[in-house]
Protein chains: 2
Amino acid sequence: MKLECATCPVRERAACAALSEEERAELARLGNSRSYERGETVFAAGDDLDACATLTHGLLKISHLDADGNERILSLVHPAGFVGEMFSPVANHDVVALAESKLCVFSRSEYEAAIDRFPALAKALLRRSAEDLFDARAQIALDAKQSAQAKVAHFLLAMAKAASDSPCHAAEEFELPLTRGEAGQLLGLTIETVSRQLGKLEKQGVIERTGARGIRIRDAARLEALGAG
Amino acid sequence: MKLECATCPVRERAACAALSEEERAELARLGNSRSYERGETVFAAGDDLDACATLTHGLLKISHLDADGNERILSLVHPAGFVGEMFSPVANHDVVALAESKLCVFSRSEYEAAIDRFPALAKALLRRSAEDLFDARAQIALDAKQSAQAKVAHFLLAMAKAASDSPCHAAEEFELPLTRGEAGQLLGLTIETVSRQLGKLEKQGVIERTGARGIRIRDAARLEALGAG
DNA sequence: CGTATGGTTGAGGTAATTCAACCTGTGTGG
DNA sequence: CCACACAGGTTGAATTACCTCAACCATACG
């Protein structure tokens, strides 16, 4: 499906935002819009990787299956995020939709040509990449030594921020887009530990659970303190 | 001190390798070579970041001090690595020399101008950044759920590879450039656990310890197996 | 209905942490 | 030259936070 940049919700934030109107129009001619259901695989590890994409709606996970068959979520991809490895012949990780998602998909060779043609695009991708690197390192810092409580608290805050429309403010009430199992894979915890920590946070009056996935934050300051520790 | 690209050991692998001879010469005029002793800080978190650099000799760590004063090593930087955040006004992390090190230092504004002038440089940085991101995610995967044994085994293999001259082959005998404490910060383990795991590996005949830091690998295959699990 | 998926809760085991003592080599100053 | 302090390292004992195993509940769906 042809791209419709005019109504794209990430037109100000995605890599292509660095381009002029004419340049963007040219790039748009190369791309197609594709939708994915929750659970659908966008790229599978080991695949020939001849495409890359910008996420416009939804949520993706980048995950890795280790030798024992355990899955670890390496990163979540939010709208305006870029996926696809430009410098590897095959995909290193799985990319799967966690929610109904829409992507602008480009052929890798054409996108690479576009990078050469539009220096601003290269710089914008460099910026995105730096952000991804920063996020990945934040995840490492979190993994470091923190208690399960801190990990879960931090996770809730991150999801609250992502659920909010405004980038600076966190949503007070929202639905988790991840199952307990997925949250566990993201945080390096078991399903049971995630569930217990949520229960503990609720008992402490920091959050309230509504249904299986609903979260309402009652004491954001407390949650923040737990997430930092 | 003026740069001497002709004798630079990373001239084939660093970002500047993507440039033509003339372009490289022009870039070289903008940079200075600086040396750092073990323990010296290259960039401190919170500093105005008006410089960036390529590591030519030695080893750096990128680390982060959390709210409780615990330090976590987010990444090691090996020769040909690039440090300095191009898109953040202040440094997010500390960068400290772990061994006697030499860097090509550039003013950030001048380097940024060079990126605009030389598209190949932007692309080379993008590639480096992608590699860093991949490494960071490998670290996340490692952190995931693995046992202390697996972490230490993996760490030893990584250090063996880094200690070797050839990129594909691992050194059989080498000196660890990190203290037990630093290794612990890198792996998310305590000093004692690192020490005990090394002792265990030695008792199993997988490695041999010579002095405080010397490591000889006796059974690389076994070490690899432990590092994967 | 019956099955499947996701979630919660409990009991018990274990690996890593914490706390603490001790060892070794290296420097520094009297 | 010895005494001492200090940083890095090892080792042991006790604790604990998380994992494992297992049962059970809720909701959705064919």
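**Notebook: domain interface, a helix and a strand**

I looked across the interface of domain 1 and domain 2 of chain A and found one salt bridge by the rule (a side-chain nitrogen of Lys or Arg within 4 Å of a carboxyl oxygen of Asp or Glu). It links E182(A) with R38(A), whose closest N and O atoms are 2.9 Å apart.

I note that this is a predicted model, in which local features need pLDDT of at least 70 and side-chain atom pairs count only at pLDDT 80 or more, while totals for chains, interfaces and linings use all residues. Residues are numbered from 1 along each chain as its sequence is written, chains are lettered from A and ligands numbered from 1 in the order in which they are written, and side-chain values use heavy atoms, without hydrogens and water.

I then looked up the domain bounds, which come from an automatic or database domain assignment: domain 1 of chain A is 5-127 and domain 2 is 146-228. The area buried between them is about 810 Å² (accessible area, 1.4 Å probe, that two parts lose on being put together, summed over both). R38(A), R72(A) and I73(A) supply 48% of the area that domain 1 of chain A buries against domain 2 of chain A.

Next I examined helix α1 (residues 21-30) of chain A (helices are DSSP runs of H or I, at least four residues; strands are runs of E, at least two; both are numbered from the N terminus). R24(A), L27(A) and A28(A) are buried there (under 20% relative accessible area; exposed is over 50%, partly exposed in between; 1.4 Å probe, protein chains only). They lie on the same side of α1(A), because they cover an arc of only 105 degrees around the axis, taken from the directions from the helix axis to the C-beta atoms. The face turned away from the buried side carries the exposed E22(A) and R29(A).
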